[in-house]
Amino acid sequence: MNATPPADALSPAAAADAAEKKHQHEMNKLSKRLHRLVGQAIADFNMIEDGDKVMVCLSGGKDSYSLLDVLRNLQQRAPIKFEIVAVNLDQKQPGFPDHVLPEYLKSIGVDFHIETQDTYSIVKRLVPEGKTTCSLCSRLRRGILYRVAKELGATKIALGHHRDDIVTTLLLNMFFGSRMKGMPPKLVSDDGQNVVIRPLAYVRESDLAQWAQHREFPIIPCNLCGSQENLQRATVKAMLQDWDKKFPGRVDNMFTAMGNIVTSHMMDRKLFPFETIRATGAPVADGDIAFDEEEHCGEPAPSSVIRMVREGD
Ligand code: SF4
């Protein structure tokens, strides 16, 4: 019998070899998962069509590097033809290493464009000291990227938001905006001129962090503007991470729930005609179950017992 010896029984060289093989195996699995999930999101929402020119917005963070990387791989295998152009907006934040992205993009041989606009000075001039700068900064950035997309003839703008961003946004909108509103995988931009897509919509942030490390992307720190990440977003994100540790699968379920909305069981009168409904006498699959709890609140009652009670046996 060829039993594998325990790791501590291996020589240092053999142990290192075994660890390297395990790592490679994990990375192969991660690579397959990333490409499968991105391909699935693209197909589910018809994000990219034949002849599209996709402008991939690159910030220099782990998410946008991974997006570009995976999209380029999928481009090689896709049954349709589409172009990719990577775009970075250099906002002239102090200390921004403006050589990093051009060097990387040249090294991988992708079409790219660096747009230089000193929004940092504008924001500093207009926003009083101590106030948060993110809202004006991101509004300026959005406008510039929309214009660049038009100038480059891009038909889609791809952003690096992932599953955790989407769930966090849903909770933020509920907590602070009193709205059930997330972050869509695909939508027309607010100026009506562009189609924005989020091919990483199904991907976990932790997978992107691992991928970025594995691929050794030259990450640019994201705190150069001196502004702190939106405090509420950071709080909700930490809460979700904590939940996911204590109750694995909860964030996945919340994410899946965003695609399974039962409008008759919500309260939006614009989405369901509560005023005009009438009993027809025919059973309704999603009808009200009166005092019963939803099944996940406890042990579901066997249907035969329910029938007996209803029929008075
Ligand atoms: S964190 Fe800095 S760069 Fe990002 S939106 Fe806020 S001000 Fe702009």
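UniProt positions are given in the numbering used here, and its annotations may be inferred rather than shown by experiment.

**View 1. Three cysteines share one UniProt feature in this predicted model.**
An unreviewed UniProt entry places the feature "binding site" at Cys-134, Cys-137 and Cys-225. These residues are spread over 92 residues of sequence. In space, however, they cluster. The largest C-alpha distance among them is 9.8 Å.

**View 2. Cys-134 sits in a helix.**
The helix is H5, covering residues 134-152. Is Cys-134 buried or exposed? Neither label fits, because Cys-134 has 15 C-beta neighbours inside 10 Å and counts as partly exposed. A buried residue would need 20 or more, and an exposed one 12 or fewer. Look past its neighbours within four places in sequence, and Cys-134 is in contact with Ser-227 and Asn-230.

**View 3. Cys-225 lies in a loop.**
This loop runs between helix H7 (205-215) and helix H8 (231-246). Cys-225 is partly exposed, because 19 other C-beta atoms lie within 10 Å. Which residues is Cys-225 in contact with, leaving aside its neighbours within four places in sequence? They are Gln-93, Tyr-120, Thr-133 and Cys-137. One of these, Cys-137, also belongs to the "binding site" feature in the UniProt record.

**View 4. Residues 298-313 have a pLDDT below 50.**
For the chain, the mean pLDDT is 90. A pLDDT of 70 or more is reached by 91% of its residues. Over residues 298-313, the pLDDT is below 50. Beyond near neighbours in sequence, this stretch has 4 contacts in the model.

Technical notes: Residues numbered from 1 in each chain as written. Predicted model: local features only at pLDDT ≥ 70, side-chain atom pairs only at ≥ 80, totals over all residues. Helix = DSSP H or I, 4+ residues; strand = E, 2+ residues; numbered from the N terminus. Contact = placed C-beta atoms within 7 Å. pLDDT = per-residue confidence, 0-100.
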